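Grab a pencil and work through these exercises with the viewer open. Each task is followed by a worked solution.

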Amino acid sequence: MMRDGYVARWRDREYDASPDGEQVRIYQPDAGDGFTEVRAGRHVRVVPMTEVDEIAYVRTTCSWKGEPFIVLAEHDGWLRVEYTGGRAPIAESLGLEAFDFGVYQGWAPANEVTDLREHRA
(Lines give C-alpha, C1' and ligand atoms only; values in the text may rest on other atoms or scores of the structure.)
Protein backbone atom coordinates (compact mmCIF):
# COMPACT_ATOMS: atom_id res chain seq x y z
CA MET A 1 0.00 0.00 0.00
CA MET A 2 1.33 3.42 -0.97
CA ARG A 3 0.69 6.12 1.59
CA ASP A 4 1.03 9.88 1.41
CA GLY A 5 -0.65 11.72 4.28
CA TYR A 6 -1.17 11.91 8.02
CA VAL A 7 -1.67 8.91 10.26
CA ALA A 8 -2.60 8.86 13.94
CA ARG A 9 -2.26 6.15 16.59
CA TRP A 10 -5.33 6.07 18.80
CA ARG A 11 -6.26 3.26 21.19
CA ASP A 12 -3.42 1.04 19.91
CA ARG A 13 -4.50 1.28 16.26
CA GLU A 14 -3.23 3.40 13.38
CA TYR A 15 -5.70 5.39 11.27
CA ASP A 16 -5.52 7.73 8.30
CA ALA A 17 -5.86 11.14 9.90
CA SER A 18 -6.40 14.84 9.40
CA PRO A 19 -5.17 17.06 12.24
CA ASP A 20 -7.20 20.19 12.95
CA GLY A 21 -5.89 22.26 15.83
CA GLU A 22 -6.77 20.56 19.12
CA GLN A 23 -8.68 17.78 17.36
CA VAL A 24 -7.86 15.13 14.80
CA ARG A 25 -10.20 13.41 12.38
CA ILE A 26 -9.44 9.70 12.09
CA TYR A 27 -10.74 7.54 9.26
CA GLN A 28 -11.48 3.87 8.72
CA PRO A 29 -13.18 1.94 5.91
CA ASP A 30 -15.76 0.19 8.10
CA ALA A 31 -18.46 1.42 10.45
CA GLY A 32 -17.51 1.53 14.11
CA ASP A 33 -18.51 2.93 17.48
CA GLY A 34 -18.43 6.72 17.26
CA PHE A 35 -17.61 6.75 13.53
CA THR A 36 -19.88 8.49 11.01
CA GLU A 37 -20.09 7.43 7.38
CA VAL A 38 -19.00 10.27 5.10
CA ARG A 39 -19.24 8.16 1.94
CA ALA A 40 -19.25 4.47 1.10
CA GLY A 41 -16.15 2.88 2.60
CA ARG A 42 -15.10 6.01 4.53
CA HIS A 43 -16.01 6.63 8.17
CA VAL A 44 -14.74 9.47 10.36
CA ARG A 45 -14.48 10.12 14.06
CA VAL A 46 -13.21 13.35 15.66
CA VAL A 47 -11.06 12.84 18.76
CA PRO A 48 -9.16 15.30 20.97
CA MET A 49 -5.48 15.57 20.07
CA THR A 50 -4.69 14.80 23.73
CA GLU A 51 -6.09 11.25 23.24
CA VAL A 52 -3.84 10.52 20.27
CA ASP A 53 -0.63 8.62 21.09
CA GLU A 54 1.20 9.63 17.92
CA ILE A 55 0.62 11.66 14.79
CA ALA A 56 2.97 11.49 11.81
CA TYR A 57 3.16 12.33 8.15
CA VAL A 58 3.82 9.25 6.02
CA ARG A 59 5.22 9.52 2.52
CA THR A 60 6.28 6.80 0.08
CA THR A 61 9.28 7.48 -2.14
CA CYS A 62 10.76 5.54 -5.04
CA SER A 63 13.08 5.64 -8.02
CA TRP A 64 11.90 5.42 -11.61
CA LYS A 65 14.32 5.39 -14.53
CA GLY A 66 17.04 6.33 -12.05
CA GLU A 67 15.28 9.48 -10.83
CA PRO A 68 13.70 10.27 -7.41
CA PHE A 69 9.93 10.44 -6.91
CA ILE A 70 7.17 10.60 -4.32
CA VAL A 71 4.35 8.07 -4.81
CA LEU A 72 0.95 9.76 -4.66
CA ALA A 73 -1.40 6.94 -5.67
CA GLU A 74 -1.66 3.43 -7.04
CA HIS A 75 -4.10 2.11 -9.65
CA ASP A 76 -4.21 -1.02 -11.81
CA GLY A 77 -0.47 -1.71 -11.88
CA TRP A 78 0.48 1.96 -12.24
CA LEU A 79 1.82 4.46 -9.71
CA ARG A 80 1.03 8.17 -9.77
CA VAL A 81 4.41 9.77 -9.10
CA GLU A 82 5.77 13.26 -8.53
CA TYR A 83 9.34 14.04 -9.56
CA THR A 84 11.55 15.39 -6.76
CA GLY A 85 14.81 15.81 -8.67
CA GLY A 86 14.24 19.51 -9.39
CA ARG A 87 15.45 19.48 -13.00
CA ALA A 88 12.80 20.42 -15.55
CA PRO A 89 14.65 19.02 -18.61
CA ILE A 90 14.79 15.57 -16.99
CA ALA A 91 11.12 15.74 -15.96
CA GLU A 92 10.18 16.64 -19.52
CA SER A 93 12.37 13.88 -20.99
CA LEU A 94 10.47 11.38 -18.81
CA GLY A 95 7.19 12.58 -20.34
CA LEU A 96 5.87 14.01 -17.07
CA GLU A 97 3.10 16.60 -17.00
CA ALA A 98 3.75 20.05 -15.53
CA PHE A 99 1.20 19.91 -12.72
CA ASP A 100 2.20 23.31 -11.30
CA PHE A 101 5.25 25.55 -11.57
CA GLY A 102 8.22 23.24 -10.93
CA VAL A 103 5.95 20.28 -10.07
CA TYR A 104 5.96 17.35 -12.49
CA GLN A 105 3.73 14.29 -12.21
CA GLY A 106 2.93 11.23 -14.26
CA TRP A 107 2.00 7.55 -14.23
CA ALA A 108 4.78 4.98 -14.00
CA PRO A 109 4.33 1.23 -14.52
CA ALA A 110 4.66 -0.27 -11.02
CA ASN A 111 6.98 -3.00 -12.32
CA GLU A 112 9.51 -0.34 -13.46
CA VAL A 113 9.66 1.38 -10.05
CA THR A 114 12.44 0.49 -7.61
CA ASP A 115 13.53 1.41 -4.09
CA LEU A 116 10.03 1.86 -2.65
CA ARG A 117 10.33 3.21 0.92
CA GLU A 118 7.96 4.62 3.46
CA HIS A 119 9.15 7.65 5.46
CA ARG A 120 7.56 9.00 8.66
CA ALA A 121 8.01 12.54 9.89
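Helices (H or I, at least four residues) and strands (E, at least two) are DSSP runs, numbered from the N terminus. This is a predicted model, where local features need pLDDT of at least 70 and side-chain atom pairs count only at pLDDT 80 or more, while totals for chains, interfaces and linings use all residues. Residues are numbered from 1 along each chain as its sequence is written, and side-chain values use heavy atoms, with hydrogens and water left out.

**Exercise 1: the overall fold**

Task: work out the order of the elements in the protein chain, and how spread out the chain is.

Solution. Start by counting: the protein chain has one helix and eleven strands. Reading from the N terminus, the order is β-β-β-β-β-β-β-β-α-β-β-β. Next comes the radius of gyration (taken over C-alpha atoms; the globule rule is 2.2 Å times the number of residues to the power 0.38). For the protein chain it is 17 Å, well over the 14 Å that the rule gives for 121 residues, so the chain is more spread out than a compact globule. Along the principal axes, the C-alpha atoms fill a box of roughly 50 × 25 × 25 Å.

**Exercise 2: the cores**

Task: find which residues touch the most other members of the largest nonpolar core, and which strand supplies its largest share.

Solution. First, the terms. Buried means under 20% relative accessible area, exposed over 50%, and partly exposed in between (1.4 Å probe, protein chains only). A nonpolar core is a set of buried Ala, Val, Leu, Ile, Met, Phe, Trp, Tyr and Cys residues joined through side-chain atoms within 4.5 Å.

Step one: buried residues make up 35% of the 121 in the protein chain.
Step two: the largest core has 14 residues, and Trp64, Phe69, Val81, Tyr83 and Leu96 touch the most other members.
Step three: at least two core residues each come from strand S6 (54–64), strand S7 (67–75), strand S8 (78–83), helix H1 (88–93) and strand S10 (103–109). The largest share, three residues, belongs to S8.
Step four: look for another cluster. A second, separate core has nine residues, including Ala8, Ala17, Ile26 and Val47.

As background, nonpolar side chains tend to be buried together in soluble globular proteins.

**Exercise 3: two polar residues**

Task: decide whether Arg80 and Gln105 are buried or exposed, and list what they touch.

Solution. Arg80 sits in strand S8, and Gln105 lies in strand S10. Arg80 has 13% relative accessibility, so it counts as buried. Gln105 counts as buried too, because its relative accessibility is 6%.

Now the contacts (heavy atoms within 4.5 Å). Skipping neighbours within four places in sequence, Arg80 touches Ile70, Val71, Leu72, Ala73, Glu97, Gln105, Gly106 and Trp107. With residues up to four places away left out, Gln105 touches Leu72, Arg80, Val81, Glu82, Leu96, Glu97 and Phe99.

**Exercise 4: positive phi**

Task: locate Asp76 and Asp115, and work out how exposed they are.

Solution. Most residues other than glycine have a negative phi. Phi of Asp76, however, is near 50 degrees, and that of Asp115 is near 55 degrees. Asp76 is in the loop between S7 and S8, where its 69% relative accessibility makes it exposed. Asp115 belongs to strand S11 (residues 113–120) and is partly exposed, with a relative accessible area of 39%.
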